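Hi,

Here is the structure I promised to pass on. Have a look at it first, and then read my notes below.

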Amino acid sequence: MTATLPDESEANSNTANNAIDNGIEIGADGSVDEGVVSLLRRGLKATPELKEGFAATATIGLFVAIGRLVIPVIIQRSIDDGVVRSDDTDTVSVKMATIWANVAVAAVVVAAVAIASWINQRRLALRAEMGIANLRTSAFNRIHQFSLADHNESRRGALVSRVTSDPEALARFAQWGLFSWSINPLILLGVMIVLSLYSWQVMLIAVLAHLPALFVLRWMQKRQIVVYDEYRTSVGDMLSTFSESVSGAAAIRAYGVEDQTERGLHDSIAVRYRTRMRANRYMAGLFVIGDFFGALALVTVLVLALWQRETWGLSEGGLVACLILTNLMREPIAELSETFDQTQTAAAAWRKVLNVLDHPVDVVEPEPGIDLPPGPIEVVVENLSFGYRARTSDSDDGERTEPDDALDLALRDVTVTIPAGTNVAVVGETGSGKTTFAKLLCRLADPTSGSIRLNGVELAEASPASRIHSLRMVPQDGFLFDTSVAENVAYGSATDSTSRSEIQASFERLGLGWWTERLQNGLDTDVGERGESLSVGERQLVALARAQLVDPGLLVLDEATSAVDPETDQALTQALKRLAEGRTMVSVAHRLSTAEAADLVLVFDRGRLVEEGSHTDLVKAGGIYAGLHAAWLGNTRVNPRSP
Amino acid sequence: MSERSVLRRGMGLVRELVGLHPVPFAISVSGAVLFAGALVGASYVLGEVVDRVVAPTYRTGELAPNTLAWAAAAIVAVTVLRMIGVVFRRYFAGMTSERVQVTFRHRLTERYLGLPMSWHQRTPTGELLALSDADVEKSVDLLHPLPFSIGAACIAVLSLGYLLTIDPYITLVALAVFPALGLINNYYSKRIEEPAAAGQAAVGKVSSIAHESFEGALVVKTLGRSVAEGERFDRASQELRHHRVLVGYLRAVFEPVLDIIPSLGILAAVVVSGYRIEAGAMTVGNMITVTTLFSVLAFPVRVFGYFLETVPPSLVSRERLNRVFDETLPARQDGRGRRLPDGPLRLDIADMNFSYPVEASEISEQVLDKVSFSVEPGEVVALVGSTGVGKSTLCQLVAGLVPPDQGKIKIGGIDLEAIDPIERTDAIALVFQESFMFADSIAANIDVSNRATVGEIEHAADLAQVVSFVDEMPNRYDTLLGERGVNLSGGQRQRVALARALVRRPRLLILDDATSAVDPKVEQQILSRLGEELNTTTLVVAQRVATIMLADRVLYLADGTIVASGTHEELMGIEGYENLVRAYEEAS
């Protein structure tokens, strides 16, 4: 269906049928295009709506295509039967009754074709849109099943594309290209059938004369793909240059580099222009190739048919009909060449969405799983290792990723026991593995090896519902949904009917009643996109209230790295202290004051747990932690001027 | 907006765009006219072939090779002309619109770079990017079908004229059929407008849910909300499907109707031709010509309809571009301003006010109110104040990025606005808290003006402690930033940004919380070396006590003005200052 346009236009009699039914044998030249076949097979499996009622659609389509050819036949019959030429006087007489009869039949056929075409287009529109909508939702659901390894910031744009621009490319195809593909090959087929009714020899000539177009078109399309790729890259480059000049406006002005930036912009604009014009060459050329070979076919048919008119049994009207029919092959071929680009884009988009659906689910939920008991949770971690899985190029979306070195584990062989009810601080430099450790505790990904047991229950065996209640993570950036504070808090509870008083109470219990009162509309205050109307610290307050609501046994907190204003910071510290009561709390600490207050400090370095103990013990021991602490002390304590 | 005024404004836009690049457009239109001629010519040739080649052959039983050769040549010639027409029309129509896009993007570039910082601050980044991308492209969309439309009009005129020479009655049939086609086409476009627009809106909704949901993936996951999110997305997705299906249904009705009308016209023409042939007014060949002309006549109607559809969106986008095009560029002062004295620069600020305009209202928010202070050449001054008090604004004012509402800023004793811009950016360096990295090598990010020696770059990198992490990179200073795999941490970016300032050997260095993400220990090393090695006046916004203590003097900014000035110890007596500094201490 994608790379096989020339074959189709060559009107290989059952291409369209076979392609959809069996997914085999698409090339007229006998070659099987594996990519297309497997794409169709996978695609139809994921989108059964497209298969449904296919036979009916195809039958009506064939009727429509043949119906369209009725006009040349009527003209032929009108000439042959309606116009009588007397040989001696060179005058013509016309049998109007015959013409009227022919025209009446034609009018009925034309009307029937219009109705059939209406029914078919309706069916196609409905099926295709249903298929796309369901594909979109399935992809969305699958993406939410991806583990955190696939949810990093650099991939987010690509993931959003899988449910937005890719299905949109399919929708555009469904609106134009799909109809072209559903009718034009059939029209070509119809032309061949009708032509062979007049003379199979003429049919053969018409087809053979078009054959060279195949190779030229295929070559041009291959070139076009390359050139188009260059064009798309140049557009991306240009846009990022523009983006730089806008987001870097302050830096550009502060350093007086406007002229250089302008040169860079002009260069990228020029490159985009050049690649676009190169692509346009193919765009302009592609459409006329079919035309040229169409003319060759017409001339060949004219000459050979006139010459062999008696042998092939062609009447004058029959020959005229052959000429018109050969001429009729031009349009479907041109239209299919036009659709090619769109088809290519749609196929690529389809493939990307299907790859999302075929992506393995990393975190498989137990059915039904063991419920975690309420109350504070004891965490036992044994020989825990974790490495971010290298993505294979197939399941990716065209972005290159270097496979991770097998040795490059984010966590290696971590063994630790966290008694129930302890307040633990995890410290270490960026990339030490402390955040990964926290995420594994919440089962945002499964360990590469080793185990995590919560109150004796293997984490992977814990039932999803009880896990959500018993484990809570307060993420670093405190992402909120674009709605009110109240709804964001309620978002945390499993039931959808959290009352306002419960929400308010949850803030009160954390000593944050004053904060909600200070908000412009209290609990109904809108938090804005990503919660950005609130500061990072305030977003974390909301996340804490959310956690308080479900009373988890293990709380995992990822401290904010960016500056939190002093007031909110105090509120956070207070609220956390209250929230931590009667629970196990693991904080990924970016500030050593958090570690100072913790019962147990875990120090991570390059994926390993290197130090473990209380703040005082660790400072005494004089290791990595002691070094960090000393640096911090020197930096914060207000001493008289010191070097 | 009435249809007439849309069309008039559309014509105005066409005049503007074509006026920018008339030559390729003229070539394109010539191509379209050639195409029109060749298309009608092809109908003529086909008719003539039937009359002069096919019919005589059957009548006489003799094949005349000469006539046949001429016929073949005529068919090929007409086709080749048509091909040339198509290629020229398409290629040069593309060239016109591409060149207009280049012109528009140059205009945008000029303004994005030339307009003052205050303009950027009140214009959302996303909007500026959309202008440079989608709006530029959409504003020229109506150029694509235009040459074809002009060619199509030629087709209509030529075909009708040709029909008239064949037979007046046949022409009447054509005049009855094709205007009807136009009316139906027009009605179709109108009917489809509403569901198409609703579909576009639904696409926006689907996309914003996807963005939000994936961005909050961690929250969705930890709260076990994937199913609920899936349902929310599915509702939007099904709504989109609903509108799309409506569009599809309308298309399913109208496309066959638009197809059937020329066919019915052809059948009518066959009947009329029958009578006219009997009357001796037409030949059989004429009948063939007429039927092909009828199928050609459907063209102009559809093409012109398509052109009309592109006009409103193009107008909207062009209008949007005016938001930038209408801004007048400030005159460039390069080389005309005053020069600064040598050595570290003195800074004097007197009675300076500054306010930000509040969105969609007449009032503006006062940020700085009667700020006055001086900094001696070579002095290191720390600026302390709580969040939102206007420290960053003050830094930008001193660097000349935004002008004050009132009051004077003097640098080296010279009014800031009188200083030559090149001199100003050379002498004053502002390092932002949010360090901006260009998608280029580390070396190019340090030496943005591209005039430092390798030695100078390395020295600046050494001072800013960039060396320590650059040495671990395989390509060292040639390492490209912004490429996958090489993501600098916040602190590393800040160090590169600092080196960028230092390599210029600034005589007034402004650090706007520029080391906030740098490890405290490293920050101390950097800042103390700066004091030793740099011959500059320094204004530093500080949030860490140790940083504050490196300064010769502290300015305490509260309620939009300088409340106190003195050493850290002196200021500790002031309640607000002490509380703030204690809070910083707690927070670090």
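Before the notes, one term: two strands count as paired if DSSP finds at least two bridges between them. Keep in mind, too, that this is a predicted model.

With that in hand, start with strand 5 (residues 423-427) and strand 10 (residues 584-588) of chain A, which pair in the parallel sense over 4 bridges. If you want a spot to click on, take A425(A), whose bridge partner in strand 10 of chain A is S587(A).

Those two strands belong to something wider. In chain A there is an open sheet of 6 strands, in the order 8-9-10-5-11-12, and its pairing is mixed. Which strands stand at the edges? They are strand 8 (471-474) and strand 12 (608-613) of chain A; each has a single partner strand, so one side of each is left without a neighbour in the sheet. From one strand to the next, the twist averages 20°.

Helices pack on this sheet as well. Helix 14 (residues 434-441) of chain A touches strand 5, strand 8, strand 9 (554-558), strand 10 and strand 11 (600-605) of chain A, and its direction makes about 150° with that of strand 10 of chain A. Helix 19 (residues 536-550) of chain A lies across strand 8 and strand 9 of chain A, running at about 175° to strand 8 of chain A.

Now for the place where the chains meet. The contact takes 140 residues from chain A and 140 residues from chain B. Between them the two chains bury about 12,800 Å², with 68% of that on carbon and sulfur atoms.

How many salt bridges are there between chain A and chain B? The count is 5, while a search of the whole structure finds 31 over all chains. One to look at links E98(B) with R272(A), where the closest N and O atoms are 2.7 Å apart. E98(B) sits in helix 3 (residues 65-114) of chain B and R272(A) in helix 11 of chain A, so this pair joins two chains. Another salt bridge is formed by D291(A) and R82(B), with the closest N and O atoms 2.8 Å apart.

Helix 11 (residues 258-307) of chain A also gives the most to the side of chain A that touches chain B, with 27 residues. The residues on that side of chain A divide into 73 nonpolar, 32 polar and 35 charged. Finally, 20 residue pairs are in polar contact across the interface of chain A and chain B, both residues being at pLDDT 80 or more.

Cheers

Technical notes
Residues are numbered from 1 along each chain as its sequence is written. Chains are lettered from A and ligands numbered from 1 in the order in which they are written. This is a predicted model: local features need pLDDT of at least 70, side-chain atom pairs count only at pLDDT 80 or more; totals for chains, interfaces and linings use all residues. Side-chain values use heavy atoms; hydrogens and water are left out. Contact means heavy atoms within 4.5 Å. Buried area is the accessible area (1.4 Å probe) that two parts lose on being put together, summed over both. A salt bridge is a side-chain nitrogen of Lys or Arg within 4 Å of a carboxyl oxygen of Asp or Glu. A polar contact is a pair of N or O atoms within 3.5 Å; within protein, one must be able to donate a hydrogen and the other to accept it, and residues adjacent in sequence count only if both atoms are side-chain atoms. Ala, Val, Leu, Ile, Met, Phe, Trp, Tyr, Cys and Pro count as nonpolar, Asp, Glu, Lys and Arg as charged, and the others, Gly among them, as polar. Axes are lines fitted to C-alpha atoms, for helices over the stretch in contact, and angles run from 0 to 180 degrees between N-to-C directions.
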